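Thanks for coming. I will go through a handful of local features in this structure, and you can follow along on the screen.

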Amino acid sequence: MRPIRRFLPFVAFAILVLGAASSGHAATNPLAGLIPGAATAQTAKQAAKPASPAPLDTAQIDAAVAALKNPQQRNALIATLEAMKTAAAHAKAAKPLGAGLGFVQATEEKIELVLTDLGGALRTATNISLVWHWLVFVATDAWLRQTVIRAAWRLAVVLATALAGEYLAIFLLRRPRAAILRRAALARTRPGISPDAAGIEAAEAGETEKLPRRRSIRRWFRRLPYAIGHFLLSLAPILVFALIGFLWVTGGFANERVAKLVILAVVNAYLVCRLVLEAARLLLAPGARQIRLIRTTDRRADWLVRWLRRLIGTIAFGYAAIATGGLFGLYHAASLVLVKLVSLAVHVMLAIMVLQARRPIAAMIRGDGHGSGFLAALRAGLARTWHIFALFYIVALWIAWAIGVPNAFLIMLRIMAVFIVVTAIARVLATWLGHGLETLFDESAAWRAHYPALYARGRMYMPVFKLIARAVLGVAASLVILQFWGLGVLAWLAGTHIGRSVVSAAITIGLAAFIALIVWEAASAGMEGHAERLIHQGRPGRAARYRTLLPMLRSTLLVIILVVAALVVLSAVGVNVTLLLGGLSIFGLAIGFGSQKLVQDIITGLFLLLEDAMQVGDWVTLGGIAGTVEKLSIRTIRLRGGDGSLNIIPFSSVTTVTNASRDFGYAPITIGVGYREDIDRVQAVIREIFDTMRAEPEWAAQISNDLELWGLDQFGASSVNIVGRIKTPAGKQYAVRREFNRRVKIRFDAENIEMPYNYQKITIDPAEFRAAFGRPKPADGGAQPGEANT
């Protein structure tokens, strides 16, 4: 909704105002014929037609007459023309424009017409060359030049003396005005006011607190006399200025009619500006909070007065300049151009004011921001976008007025009212639909327990449902807005070939997307349900195999659905799908030759999966890397190693698969004992250890058969090795072997059965040690310093 809300009015207004002059909508558009320059594009098209052919000479005319009088030649000519007509009709029917191409072409032509008319009208309205020609005319005409000079110096004398008198009056009245301000300040803090009033008044500048209504009215009436007195004293200098100016005019200083009118125009413009500004200062009183009649801050009051001075000065002196220009031969067309330029300057100032006041006014519209519900949401949305509406209104109003649209203000008011009302209704409906969807898929919904899978899928798609609802409401709101603006979009959609094609294409695209979603969800639910049924039927192996193939099946199905839906959408918008499929087949063939490795990965993976060589969760060894299978994609295997590393192996690199998680496994037993041990006794102890371990419930489930003890297998360097194995379920052999070895070590230690290992024992003769290091043994047999007794 936000992009439509921001940019639709700008485009629609141009189409509304300038498209009204086109002949196709002259009967239905209420604004048709209001634009004087609307026929510019049509005239250009007529002018662009080829020139008429050169006239025939007498001999050619006689030959044509003779051919027409001859029945055979006349029949041949008629047959030729009929054949040409049939061929042209067949050629036109063989190349129809699709809905999308036709709509784009029609829209492009309409926009081109609108922009052409708009540019022509604006160029005419702002043709500054007319003003330049007038200035050149005044500068080159001796009489006009002398008249301007005489009027200018007389105006300078009048303004200088009148302004000097005004400033003198301001200087003389400064003390009375200051006394009024002091009295007003004392009246604010006199004993009759409550103790907390001073604090409230001090906080008034920031608008942080609000006085009770009665107290606020009393204070307003208490300030009013001081404000009026200050205002009257401010009018005195203006009266002095007016008096001096009119004395000059009536005293014979300006005997010439032109000079007198120039002086009157400028003096009147100045008086209007000063009176309006003093009236504004009466209410706002910038810098004099004690006599201010409107509650605002000093900064805002100063800002308003400053911009009001600029606006009133531009309007008043601009009008005075245009009026005096007529005295010096200013053309009527040039006067209209200057009026529109002055109006443009005023509208630009208003736009700058809107931008500068965007945040304070947004804060006022938003309020405290603690509310909830539709009104709070409406205020928040209006606070974010009010400046956009204001700027649009300012710009569009000037454009409509400049190009000569009658009743431009009322038309703009209607446009804004329709836009705001329809947008508000669409916003309410969108909020209501969003709330309804959230209620439908709430955690406490009654149907959640009965249909958990459907609830989960619907909950996942809820943001998509909201987006679709907003899009549909946005399109509907746009059509309603354009219809109420007089563009007749509904009649265009229902009564034109392109319009019906657009509606048909939109319906087809919507149905294609809806059917694709239904097929995808139904297929996904069916595949998930089949996996659950395999588990419930007691076939976990087949279920695991099916779940391994499930990602590839889902990916393949998704690609097929997307391709079919894309072809339907392209066909609906007018694309030739047959040619597209032919091009894609050639492109696919080229891709196939260039991606043989990818094809090899896919085919090898497909055969490995069909042969059930591995499944997700199996412990396998591929290419020298061992780990758990995490995921099987269409071309790769994700293998999680024992150290946590993730290995991605393409199927084409797999030549041998070692799967340690299928059917059953064996825990190999290799035990070495010393050469002096009784082998039969050792084997009996090993069998006792196995029987004890198998008798425990924890390990009984992990041992599938009796111990296979094969006996003495090898004479080692320091031990004799007894070997065997224990059969276990798939994947349990490692845990069984580790536990069995632990028990063997503990039992052998308890039975004093030696489990030899390679070690060396070094013995040193003390006599040889003393002889080697030159230390004779003491006579008393004591130890040498640094030698320990053993």
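A residue counts as buried here if its relative accessible area is under 20%, and as exposed if that area is over 50%, with partly exposed in between. Keep in mind that this is a predicted model.

Take glutamine 733 to begin with. Its relative accessibility is 8%, so glutamine 733 is buried. It belongs to helix 25, which covers residues 733–751. What does glutamine 733 touch, leaving aside neighbours within four places in sequence? Its contacts are Ala660, Gly665, Tyr666, Ala667 and Thr728.

One of those contacts, Tyr666, brings us to the aromatic rings. How many aromatic pairs does a search of the whole structure find? The search returns four. In one of them, phenylalanine 664 and tyrosine 666 meet edge-to-face, with 5.6 Å between centres and 85 degrees between planes. Phenylalanine 664 is at 42% relative accessibility, so it counts as partly exposed. Tyrosine 666 is at 27% and also counts as partly exposed. The pair of tyrosine 675 and phenylalanine 715 has ring centres 6.4 Å apart and planes at 20 degrees, so this one is stacked. It joins distant parts of the chain, 40 residues apart: tyrosine 675 is in the loop between strand 6 and helix 23, while phenylalanine 715 is in strand 7. Tyrosine 675 is partly exposed because its relative accessibility is 46%, whereas phenylalanine 715, at 59%, is exposed.

Two arginines sit over rings. Arginine 725 lies over the face of tyrosine 666, 3.7 Å from the ring centre. The charged end of arginine 310 is over the ring of tryptophan 307, at 4.5 Å from its centre.

Trp307 and Arg310 also appear where helix 12 meets helix 13. Two packed helices are described by the angle between their axes and the distance between the axes. For helix 12, residues 298–327, and helix 13, residues 332–356, the angle is about 175 degrees and the axes are 9 Å apart. Angles over 145 degrees count as roughly antiparallel, so helix 12 and helix 13 are roughly antiparallel to each other. On the helix 12 side, the residues that meet helix 13 include Trp303, Leu311, Thr314 and Ile322. On the helix 13 side, Leu338, Val342, Met349 and Met353 are among them.

Just before that, in sequence, comes helix 11, residues 257–284. Its 28 residues reach 40 Å from first C-alpha to last, close to the expected 40 Å. What follows helix 11? Alanine 285 does, and its phi is positive, near 45 degrees. Most residues other than glycine have a negative phi. Alanine 285 lies in the loop between helix 11 and helix 12, and at 5% relative accessible area it is buried.

Asparagine 752 has a positive phi too, near 60 degrees. It is in the loop between helix 25 and helix 26. Is asparagine 752 buried or exposed? It is exposed, because its relative accessible area is 65%.

Last, valine 157, which is in helix 7, residues 142–172. At 28% relative accessibility, valine 157 is partly exposed. Beyond residues up to four places away in sequence, valine 157 touches Trp248 and Phe253. Valine 157 and phenylalanine 253 are 96 residues apart along the chain, with 9.9 Å between their C-alpha atoms.

Key
Residues are numbered from 1 along each chain as its sequence is written. This is a predicted model: local features need pLDDT of at least 70, side-chain atom pairs count only at pLDDT 80 or more; totals for chains, interfaces and linings use all residues. Side-chain values use heavy atoms; hydrogens and water are left out. Helices (H or I, at least four residues) and strands (E, at least two) are DSSP runs, numbered from the N terminus. The expected span of a helix is 1.5 Å times one less than its number of residues. Rings of Phe, Tyr and Trp (its six-membered ring) pair if their centres lie within 6.5 Å; planes under 30 degrees apart count as stacked, over 60 as edge-to-face and the rest as tilted. Buried means under 20% relative accessible area, exposed over 50%, partly exposed in between (1.4 Å probe, protein chains only). A charge sits over a ring if NZ of Lys or CZ of Arg is within 6 Å of the ring centre and within 35 degrees of the ring normal. Contact means heavy atoms within 4.5 Å. Axes are lines fitted to C-alpha atoms, for helices over the stretch in contact, and angles run from 0 to 180 degrees between N-to-C directions. Angles under 35 degrees count as roughly parallel, over 145 as roughly antiparallel, 65 to 115 as roughly perpendicular and the rest as oblique.
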